[in-house]
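Colleague: I would like to go through this model with you, one question at a time. Please show the structure, and give the reasoning before each result.

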Amino acid sequence: MGFTSKLAGTEVGVVSPQATFSACFGAPFMSHKPSVYAELLAHRMNAHSARCILLNTGWSGGPYGVGDRMSIAHTRALLNAALNGEFDAARTVRLPILGLRIPETCPGVPDEILNPRNTWSDPQAYDEAAIGLRDLFRQNYAEKNYADLSIKAVL
């Protein structure tokens, strides 16, 4: 389930961020169902012992208009740590609403920005935004009937 956000000023008529989903980030160009690509990816990752790490290189510190993009220096530090395997045995905490595991520390990145909730001045507003994002993913999952797909390779 590919996800991004259209931002104001990037497309005609967009005045606030709009969630956008696209299977495998390229649905119009996919000749098979997403499950085929998911199975292929899982097979290749298992065969090559590949790691999969999601980096927040987008918004932090509040909703659009309040927060800012992650700094390029922090993005580079996170990416380098991921590529160097520094997160493989790192201590992590679980984000309650989204269920993602995040490292407690990363060289070159202040600990307080690793947890996105800590970057918002209003933690309740973050929780509401996270619930909204989670619900968008659930809605897209149900609309695309992904629950009916059977992925044989388990990571």
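Colleague: Is W120 buried or exposed?

Modeller: This is a predicted model, and burial is judged from the relative accessible area, with under 20% counting as buried. The relative accessible area of W120 is 15%. That value falls under the cut-off, so W120 is buried.

Colleague: How is Y126 placed, buried or exposed?

Modeller: The cut-off for a buried residue is again under 20%. Y126 has a relative accessible area of 9%, so Y126 counts as buried.

Colleague: How many aromatic pairs does the whole structure have?

Modeller: Two rings pair if their centres lie within 6.5 Å. F21 and F137 form one such pair, at 5.0 Å centre to centre. The rings of W120 and Y126 have their centres 5.6 Å apart. A search of the whole structure gives a count of two.

Colleague: The planes of F21 and F137 are at 90 degrees; is the pair stacked or edge-to-face?

Modeller: Planes under 30 degrees apart count as stacked, and planes over 60 degrees apart count as edge-to-face. For F21 and F137 the angle between the planes is 90 degrees. The pair is therefore edge-to-face.

Colleague: How far apart in sequence are the parts that F21 and F137 tie together?

Modeller: F21 belongs to strand β2, residues 18-22. F137 belongs to helix α4, residues 123-143. The pair therefore ties together parts whose separation in sequence is 116 residues.

Colleague: Are F21 and F137 buried, exposed or partly exposed?

Modeller: Residues between the cut-offs of 20% and 50% are partly exposed. F21 has a relative accessible area of 23%, and F137 has 28%. Both values lie between the cut-offs, so F21 and F137 are partly exposed.

Colleague: How many disulfides does the structure hold?

Modeller: A disulfide needs two cysteine sulfur atoms within 2.5 Å. For C106, the nearest cysteine sulfur is that of C52, 17 Å away. C106 is therefore in no disulfide. For the structure, the number of disulfides is zero.

Colleague: Which relative accessible areas do C52 and C106 have?

Modeller: C52 is exposed, and its relative accessible area is 65%. C106 counts as buried, and its relative accessibility is 4%.

Colleague: In which loop is P17, and what is its C-alpha distance to K6?

Modeller: P17 sits in the loop between β1, residues 2-6, and β2. Apart from neighbours within four places in sequence, P17 is in contact with S5, K6, L7 and Y64. P17 and K6 are eleven residues apart in sequence, and their C-alpha atoms are separated by 5.4 Å.

Colleague: What is the phi of S49, and where does S49 lie?

Modeller: Most residues other than glycine have a negative phi. S49 is not a glycine, yet its phi is positive, at about 50 degrees. S49 is exposed, with a relative accessible area of 63%. Its place is the loop between α1 (34-47) and β3 (59-60).

Colleague: Which pattern do the helices and strands follow along the sequence?

Modeller: The protein has four helices and six strands. Read along the sequence, they give the pattern β-β-α-β-β-α-β-β-α-α.

Colleague: What share of the residues in the protein is buried?

Modeller: The protein has 155 residues. C106, at 4% relative accessibility, is one that counts as buried. Over the protein, the share of buried residues is 23%.

Methods:
Residues numbered from 1 in each chain as written. Predicted model: local features only at pLDDT ≥ 70, side-chain atom pairs only at ≥ 80, totals over all residues. Heavy atoms only, no water. Buried < 20%, exposed > 50% of the residue type's maximum accessible area, 1.4 Å probe, protein only. Phe/Tyr/Trp six-rings, centres within 6.5 Å; stacked < 30°, edge-to-face > 60°. Helix = DSSP H or I, 4+ residues; strand = E, 2+ residues; numbered from the N terminus. Contact = heavy atoms within 4.5 Å.
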